[in-house]
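Visitor: Before we discuss this model, could you show me the sequence and the structure together? I would like to ask how each description is justified.

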Amino acid sequence: MSTGWNAASAPDTATVPALPRNLGLRQYLICLRGICVREGLRFIHQRERFVSSLVRPLMWLFIFAAGFRQVLGVSIIPPYRTYVLYEVYITPGLCGMILLFGGMQSSLSMVYDREMGNMRTLLVSPFPRWFLLVSKLLAGVTVSVLQVYVFLAIAWFWGVKAPPLGYLMVLPALFLSGMMLCALGLLLSSLIKQLENFSGIMNFVIFPMYFASPALYPLWRIQEASPLLYKICLLNPFTYAVELIRFAFYGQVEWLSLGIVAGLTALFLGAAILAYSPTRGLVNRKQDTGGNG
Amino acid sequence: MKRLGFAALAASACILANPASAFTVYVSNERDNTITIVDSEKMEAVGTIKVGQRPRGITISHDGKVLYVCASDDDTVEMIDTETNQIIGTLPSGPDPELFVLSPDGKTLYVANEDDNLVTVIDVEARSVLSEIPVGVEPEGMGVSPDGSVIVSTSETTNMAHFIDAETHEITDNVLVDTRPRYAEFMPDGSEVWVSAEIGGTVSVIDNETREVTQTITFEIPGLRAEAIQPVGVKIMPDGKKAYVALGPANRVAVINTETYEVEKYVLVGQRVWQLALTPDEKTIISTNGVSNDITFIDTETDEAIQSVTVGQLPWGVVVKPQ
């Protein structure tokens with residue numbers, strides 16, 4: 001960040017510059033804005049990314065749900081009060097899917113930044129490491145949540161409608177779930193050495209998390225098929241994100257999910273901050289093997 | 001644990017834009033031999049009444065004091081006091097009564113006797129049979145015109161709607177409809193009779209003047225085989241603008257514009273939807289879903305299913321107590 005550089009180089013000395021610690025709220029906000037704008041710009045400039053991030057859930061909604069469509073309705077489970085179509089059932093899961101991919105995408109961008117050297121620019125700024133990471137997180141989540149709303153608008157025209165107030169009530173749930181998944185992405189990014197390894201994330205994180213969750217089918221169905229799989233689903237953080245979003249659509253708070261999602265957000269974020277910390281972090285060691293110029 | 005008080009309140013406030021006032025709903029459970037009493041405001045079962053074997057057709061006196069239930073396997077119609085929920089007597093219905101209709105003046109009950117190919121006319125006050133009218137094979141659906149002058153009986157095997165003069169108890173017209181006609185419902189102005197055909201998968205609209213089929217309404221639901229669409233119960237709104245048709249194993253209630261005879265919407269409800277009832281405030285249609293053992297409340301403004309409530313086994317008929 002240019003502001004960071006300027007601030008850092010202001011007290012010019014021959015030795016290592018002593019970082020000014022009198023950064024005010026304004027400076028913090030400028031930094032946050034910088035990171036958000038960069039994330040936003042990156043998103044807007046890569047129009048394919050915007051389209052592809054929407055195409056994925058829409059394909060599930062239009063094609064997968066049509067193929068899998070239980071035309072006779074999904075049996076009633078809370079928060080639903082009557083029978084719902086399969087499209088209606090998987091919509092909260094697809095919102096979760098957008099957030100999940102968004103989170104992993106930000107993980108990818110961290111690895112990319114590290115390889116391309118942009119990360120150094122960011123990390124040498126005088127702002128505390130945790131602040132930079134949280135800013136990065138907020139920027140990523142905001143973009144993901146925007147995508148979710150565009151998706152919901154399209155789904156609305158497709159006839160998948162939630163109660164009107166639900167669209168407002170789901171916002172905090174989306175944000176919190178997005179934070180958890182983004183924080184997980186950040187943590188993972190500190191463990192990935194090279195960009196090429198990102199496909200591993202797809203295989204070992206995104207798909208298992210997505211499929212072993214109630215996003216596509218009610219958990220009682222999974223329990224019927226395999227009690228072991230059911231237990232795995234219960235250990236999956238994404239399960240709780242989806243249920244939190246699903247209940248929020250109907251104006252209800254699923255306290256268990258809320259607690260777990262909030263707790264895991266703090267845990268993942270803490271771990272990511274630790275991993276990125278200059279002294280203890282995993283990043284410095286990893287950088288030696290990375291293709292960083 | 002799962003819900004916050006105010007969140008639930010907000011949710012119900014937004015789902016039920018205009019909360020219905022409390023009506024008492026009676027559902028006959030064919031396999032349980034019971035009537036489930038449901039509160040339409042709380043949308044939950046509040047009681048059960050033990051009745052005779054295989055209760056199917058159910059209706060209520062116009063003052064809401066007496067419930068009439070066809071106990072098909074007991075070959076009788078039972079009368080239940082809605083104050084005490086006790087059986088206060090029976091009517092001589094003839095064998096295997098399935099469905100019936102009460103005359104607009106509330107004095108006469110017309111009962112379809114499925115096994116005997118008869119329509120039995122019962123004087124409710126005297127509790128005696130006035131006459132027995134021979135109709136086609138397996139009579140089932142019964143409708144009465146708003147002025148009480150014409151009765152329509154549908155026979156499942158003969159595939160006919162029989163128009164009967166209420167004065168003379170004679171059949172005046174026989175109208176051929178589609179296979180296995182189940183239910184007959186008059187337009188509120190008496191101009192038309194809508195007859196649903198379970199196997200034929202259609203609803204025939206019969207002009208009450210000419211006694212000819214003027215329209216045949218068909219149904220199509222993407223992803224469902226035509227055989228799964230079996231129209232049964234029909235309910236026409238009192239203003240005559242909209243009709244609801246229960247489509248059996250299609251698990252849907254069709255909403256039909258009565259001017260264009262086009263299906264405007266299919267509302268997803270429980271499994272094997274059978275009969276329908278309208279609340280007196282005309283805000284809610286209630287469907288009985290036989291296989292999933294529940295009833296579904298449908299908002300008539302938005303035509304969206306609001307909630308499903310579990311009742312007894314194999315719910316068949318439903319009636320709402322007038323206030």
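Guide: What follows is a set of questions about the terms used for this predicted model, each answered from its values.

Visitor: What makes the confidence in this prediction describable, for the whole and for each chain?

Guide: The model as a whole scores ipTM 0.78 and pTM 0.84. Chain A averages a pLDDT of 81, with 85% of the residues scoring at least 70, while the mean pLDDT of chain B is 91 and 94% of its residues reach 70 or more.

Visitor: Which elements have the lowest and the highest confidence in each chain?

Guide: In chain A the lowest mean pLDDT among the elements, 39, belongs to helix H1 (residues 2-9), and the highest, 95, to helix H11 (residues 237-249). In chain B the lowest mean is 46, in helix H1 (residues 5-15), and the highest is 97, in strand E21 (residues 242-246).

Visitor: Where does pLDDT stay under 50?

Guide: In chain A that holds over residues 1-16, for which the model has 26 contacts beyond four places in sequence, and over residues 286-293, for which the model has 14 such contacts. In chain B it holds over residues 1-20, with 35 contacts beyond four places in sequence. Where pLDDT is low, the predicted coordinates should not be read in detail.

Visitor: How many helices and strands does chain A have, and what share of its residues is buried?

Guide: Chain A has 13 helices and 0 strands, and its elements accordingly read as α from the N terminus on. Of its 293 residues, 40% count as buried, a label that requires 20 or more other C-beta atoms within 10 Å. Among the contacts in chain A with a separation of 6 or more, 79% are between residues 24 or more positions apart.

Visitor: Why is the pair H4(A) and H6(A) called roughly antiparallel?

Guide: Helix H4 (residues 86-116) and helix H6 (residues 129-157) of chain A pack at an angle of about 150 degrees, with their axes 9 Å apart. An angle over 145 degrees counts as roughly antiparallel, and therefore H4(A) is given that description relative to H6(A). H4(A) passes H6(A) in a right-handed crossing.

Visitor: Which residues of H4(A) and H6(A) meet, and how do they divide by character?

Guide: On the H4(A) side the residues include Leu94(A), Ile98(A), Gly102(A) and Gly103(A), and on the H6(A) side they include Gly140(A), Val143(A), Gln147(A) and Phe151(A). The residues of this contact of H4(A) with H6(A) divide into 8 nonpolar, 7 polar and 1 charged.

Visitor: Why are H2(A) and H6(A) called oblique?

Guide: Helix H2 (residues 25-45) of chain A and H6(A) pack at an angle of about 40 degrees, with their axes 9 Å apart. Roughly parallel would need an angle under 35 degrees, and roughly perpendicular one of 65 to 115, so H2(A) and H6(A) are oblique to each other. Their crossing is right-handed. Among the residues making the contact are Tyr28(A), Ile35(A) and Phe43(A) of H2(A), together with Phe131(A), Lys136(A) and Val143(A) of H6(A). The residues of the contact of H2(A) with H6(A) divide into 10 nonpolar, 4 polar and 2 charged.

Visitor: Is Val55(A) exposed or buried, and how do you know?

Guide: Val55(A) has its place in helix H3 of chain A. With 12 C-beta neighbours inside 10 Å it counts as exposed, because the label applies at 12 or fewer. Val55(A) and Val74(A) are 19 residues apart in sequence and 25 Å apart in space, C-alpha to C-alpha.

Visitor: What makes the peptide bond between Pro78(A) and Pro79(A) worth naming, and where is Pro79(A)?

Guide: The bond that joins Pro78(A) and Pro79(A) is cis, with omega about 5 degrees. Pro79(A) lies in the loop between helix H3 (47-68) and H4 of chain A.

Visitor: Why are Arg211(B) and Tyr261(B) called partly exposed?

Guide: Arg211(B) has 15 C-beta neighbours inside 10 Å and Tyr261(B) has 16 other C-beta atoms within 10 Å. An exposed residue has 12 or fewer and a buried one 20 or more, so Arg211(B) counts as partly exposed, and Tyr261(B) is partly exposed too. Arg211(B) has a positive phi of about 55 degrees although it is not a glycine, and is found in the loop between strand E18 (202-207) and strand E19 (213-218) of chain B. Tyr261(B), also not a glycine, has a positive phi of about 60 degrees, and its place is in the loop between strand E22 (252-257) and strand E23 (262-268) of chain B.

Terms used
Residues numbered from 1 in each chain as written. Chains lettered and ligands numbered in written order. Predicted model: local features only at pLDDT ≥ 70, side-chain atom pairs only at ≥ 80, totals over all residues. Axes fitted to C-alpha atoms, helices over the stretch in contact; angles between N-to-C directions. Helix = DSSP H or I, 4+ residues; strand = E, 2+ residues; numbered from the N terminus. Left-handed = near helix turned anticlockwise from the far one by under 90°. Contact = placed C-beta atoms within 7 Å. Nonpolar A, V, L, I, M, F, W, Y, C, P; charged D, E, K, R; others polar. pLDDT = per-residue confidence, 0-100.
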